[in-house]
Amino acid sequence: MGTLGDFLRTRRGRLRPEDAGITSYGARRVPGLRREELAQLAGVSATYYTRLEQGQSHQASWSVVEALADTLRLSQDERAYLHRLARPEPQRRSVAKPASARAGTRQLLAALTDVPAVVVGVRTEVLAWNALGHRLLAGHVDFSAPDRPDERPNLTRMLFLDAHYAALHPDWPVTASCAVASLRITAARLPDDVALAELVGELTMKSEAFAALWASHPVANHAFGPRRLRHPEVGELELELETAELPDGHHLVLYSAAADSPAHSALRLLKLVPTR
């Protein structure tokens, strides 16, 4: 799903020689830094760095990873991601059983009547939602679909393959990039997850946009912050997203609107829409 070499090449390619204090003469065959230039700046041998990028070394030292992260000017999310790729923990490849939301979580969802709320699994599959969360994100999907693993909606799949869900996001290119960046973090944490590999493979085959974004290797955690949605029934909404991790590893995703804002009024109207 994601290799150390892919990530290093994309980050090496975005760092200009002049930004690293390297004087460049003549035409360069590749964008960004050459392997030997990056190795020199990071204080490692060119041979060792080449082995890393070619996947021939599977346990880089902490100090080497930190030196590469500093040289490549990685963000905190990218730095943590590089550590996972360069110093992977042993994994046992297995087929995960379909997840399900706990009874207590469902009870909490039912009590959240004024806030759109969705419970998602590690692969962004929808495990449960309250009525308002369903109406906000996927009113065209049967409300009980999350209870059937074979029909379970997946937020990433819908973003790239479901025109109704995609249209909900007026800033779709940004939203799509954020979704792939978050999925990259999950892929590094679960490198041998069969279901996740199948999702990435399906989207790569069916969506050129996903394939291009996956190849560009964005890495960032987008678990909170402002979200702008364009709902077919209540119009534009300026919302705030918050994500809480649950004890079973699932995530509770909440959308809220500022008091007395147009979005707050729109959510009140949305409550009146019948559940499909």
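This is a short tour of a predicted model, one selection at a time.

**Whole chain**

Start with the full protein chain. Its C-alpha trace spans about 65 × 40 × 30 Å along the principal axes. Colour by secondary structure, and 13 helices and 5 strands appear. Of the 276 residues, 44% count as buried. Now consider contacts with a separation of 6 or more. Residues 24 or more positions apart account for 58% of them.

**Three strands**

Select residues 225-231, strand E3, and residues 235-245, strand E4. The two pair in the antiparallel sense, over 7 bridges. They form a hairpin, with 3 residues between them. Show Arg-228 as sticks. Which residue in E4 stands opposite Arg-228? Glu-238 does.

Next add residues 251-256, strand E5. E5 and E4 run antiparallel, joined by 6 bridges. Pick Thr-243, then look across to E5 for its bridge partner, Val-253. Follow the chain through the 5 residues between E4 and E5, and stop at Gly-249. Gly-249 takes a positive phi near 90° in this hairpin.

**The largest nonpolar core**

Hide the ribbon for a moment and show side chains. In soluble globular proteins, nonpolar side chains tend to be buried together. The largest nonpolar core here has 42 residues. Select Leu-136, Leu-137, Phe-160, Phe-210, Leu-237, Leu-239 and Tyr-255, which touch the most other members. Which helix gives the most to this core? Helix H10, residues 172-189, does, with 5 residues.

Zoom in on Leu-136. Leave aside its neighbours within four places in sequence. Leu-136 is then in contact with Pro-116, Leu-168, Leu-229, His-231, Leu-237, Leu-239, Tyr-255 and Leu-270.

A second, separate core has 26 residues. Select Leu-4, Phe-7, Leu-74 and Leu-82, which are among them.

**Helix H7**

Select residues 131-138, helix H7. Is H7 mostly covered or mostly open? Mostly covered: 7 of its 8 residues are buried. The buried ones are Leu-132, Gly-133, His-134, Arg-135, Leu-136, Leu-137 and Ala-138. Note Arg-135 and His-134 in that list, beside Leu-136 and Leu-137.

**The largest pocket**

Turn on a surface and look for the largest pocket. It holds about 1200 Å³ of space. To find its centre, select Thr-124, Ser-182, Asn-221, His-222 and Ala-223, the lining residues that lie nearest to that point. The full lining has 39 residues. By class, 19 are nonpolar, 12 polar and 8 charged.

Which helix gives the most to the lining? H10 does, with 10 residues. Helix H5 (76-86), helix H8 (155-161), H10, E3, E4 and E5 each supply at least two residues. H10 also gives the most to the largest core, so keep residues 172-189 coloured for both views.

**Last stop: His-264**

Select residues 262-270, helix H13, and pick out His-264. Is His-264 buried or exposed? Neither: His-264 counts as partly exposed, because its relative accessibility is 31%, between the 20% cut-off for buried and the 50% cut-off for exposed. Not counting residues up to four places away in sequence, His-264 touches Ala-257, Ala-258 and Ala-259.

Finally, bring back Glu-238, the residue opposite Arg-228. Glu-238 and His-264 are 26 residues apart along the chain. Their C-alpha atoms are separated by 8.9 Å.

Methods. Residues are numbered from 1 along each chain as its sequence is written. This is a predicted model: local features need pLDDT of at least 70, side-chain atom pairs count only at pLDDT 80 or more; totals for chains, interfaces and linings use all residues. Side-chain values use heavy atoms; hydrogens and water are left out. Two strands pair if DSSP finds at least two bridges between them. Helices (H or I, at least four residues) and strands (E, at least two) are DSSP runs, numbered from the N terminus. A nonpolar core is a set of buried Ala, Val, Leu, Ile, Met, Phe, Trp, Tyr and Cys residues joined through side-chain atoms within 4.5 Å. Buried means under 20% relative accessible area, exposed over 50%, partly exposed in between (1.4 Å probe, protein chains only). Contact means heavy atoms within 4.5 Å. On a 1 Å grid over the protein atoms alone, a cavity is a set of points where a 1.4 Å probe fits but cannot get out, and a pocket is an open set with protein on both sides within 12 Å along at least five of seven lines; lining residues have an atom within 4 Å of a point. Grid points are joined across faces, edges and corners, and a volume is the space filled by probe spheres set on the points. Ala, Val, Leu, Ile, Met, Phe, Trp, Tyr, Cys and Pro count as nonpolar, Asp, Glu, Lys and Arg as charged, and the others, Gly among them, as polar.
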